[in-house]
Amino acid sequence: MGSCSKGITSVGFTFIVVLLVVAIVGNWEVKMAGAELSAGQCKEERRIGLNECKPVLYGKLPSPSCCERVRVSHLECVCPVITPKLAALIDLNRAIRLIEGCGRRVPRHFKCGSLTTP
C-alpha cells in the first residue's frame, strides 16, 4: 500500500503541474511583461498551486481558489519542471477539460517542457 500512495502522490503532483502549465498559457502575453521571478518565488508559486488544487487529485472539480491560482501562475515557473518522466504520467485531455472548466482557453500545439497540447 505504501508504494501505491507514493504513485498517487507522484501522479497527483504531475497532474497539478500540468494543470497549471496548460492553464497559464492563456495568460502568456500578460505574464511576459512582468519582471522575472526568482527560483524561490517560482518554487513558492508551485507550492501554493499544488495546495490550492490538491482536491482535484481526489476527483473533485477545481475550486474557485484553484481556478484563480491557475489563472495567475507564471508559465516560466512551471514549464522547466515538466520532464519526459512527468509528462508520461499525465492525462493531458483530462487536464485540458479541467482547465477549460476554469474559464481558460487552451491553445493548440503549444510546447511547454516535455508536453505539447493537442
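Reader: Why is C42 called buried?

Author: One thing first: this is a predicted model. C42 has a relative accessible area of 9%, and buried means under 20%, so C42 gets the label.

Reader: And its disulfide partner, C77: what makes that one count as buried?

Author: C77 comes out at 2% relative accessibility. The cut-off is under 20%, so C77 is buried too.

Reader: How do you know that C42 and C77 are joined by a disulfide?

Author: Their sulfur atoms sit 2.0 Å apart. A disulfide asks for cysteine sulfurs within 2.5 Å, so the pair passes. The link brings together distant parts of the chain, with C42 in helix α3 and C77 in helix α5, 35 residues apart.

Reader: Which hand does the link of C42 and C77 have?

Author: Left-handed, with -65 degrees about the S-S bond.

Reader: How many disulfides turn up if you search the whole structure?

Author: Three. Besides C42 and C77, there's C53 with C66 and C67 with C102.

Reader: What makes C53 and C66 a disulfide?

Author: Here the S to S distance is 2.0 Å. Set that against the limit of within 2.5 Å, and the pair qualifies. C53 lies in helix α3 and C66 in helix α4, so this disulfide ties together parts 13 residues apart in sequence. The twist about the S-S bond is 105 degrees, and the link is right-handed.

Reader: Are C53 and C66 buried or exposed?

Author: Both are buried, which means each falls under 20% relative accessible area.

Reader: How do you know that C67 and C102 belong on the disulfide list?

Author: By the same test: the sulfur atoms of C67 and C102 are 1.9 Å apart, and the rule wants them within 2.5 Å, so they're in. C67 is in helix α4, while C102 sits in the loop between α7 (92-101) and β1 (111-112), so the bond ties together parts 35 residues apart in sequence. This link is left-handed, at -70 degrees about the S-S bond.

Reader: What makes C67 and C102 buried?

Author: C67 has 8% relative accessibility and C102 has a relative accessible area of 7%. Both values meet the under 20% requirement.

Reader: On to the charged side chains. What makes E44 and R47 a salt bridge?

Author: The N to O distance between their side chains is 2.6 Å. The rule needs an Arg or Lys side-chain nitrogen within 4 Å of an Asp or Glu carboxyl oxygen, so E44 and R47 fit. Both residues lie in helix α3 (residues 39-53), three residues apart, about one turn of the helix.

Reader: Why are E44 and R47 called partly exposed?

Author: That label covers values between the buried limit, under 20%, and the exposed one, over 50%. E44 has a relative accessible area of 35% and R47 has 42%, so both land in between.

Reader: How many salt bridges does that rule give?

Author: Two. The other joins the side chains of E68 and R71, at 3.4 Å from N to O, and that is also within 4 Å. E68 and R71 are both in helix α4 (residues 64-72), three residues apart, about one turn of the helix. For exposure, E68 has 39% and R71 has 27%, so each of them is partly exposed.

Reader: Now S73. Why is S73 called buried?

Author: Its relative accessible area is 1%, and buried means under 20%, so S73 qualifies. S73 is found in the loop between α4 and α5 (75-78).

Reader: What does the side chain of S73 reach?

Author: The backbone oxygen of R69, at 2.8 Å. A polar contact needs N or O atoms within 3.5 Å, and this pair meets that distance.

Reader: What about the chain as a whole: how many helices and strands are there?

Author: Seven helices and two strands, in the order α-α-α-α-α-α-α-β-β along the sequence.

Reader: How much of the protein chain counts as buried?

Author: 41% of its 118 residues. The chain exposes about 6800 Å², and carbon and sulfur atoms supply 60% of that area.

Reader: Among contacts between residues at least 6 apart in sequence, what percentage join residues at least 24 apart?

Author: 81%.

Methods. Residues numbered from 1 in each chain as written. Predicted model: local features only at pLDDT ≥ 70, side-chain atom pairs only at ≥ 80, totals over all residues. Heavy atoms only, no water. Helix = DSSP H or I, 4+ residues; strand = E, 2+ residues; numbered from the N terminus. Buried < 20%, exposed > 50% of the residue type's maximum accessible area, 1.4 Å probe, protein only. Contact = heavy atoms within 4.5 Å. Areas by Shrake-Rupley, 256 points an atom, 1.4 Å probe, with all protein chains shown as cover. Polar contact = N/O pair within 3.5 Å; in protein donor to acceptor, adjacent residues only side chain to side chain.
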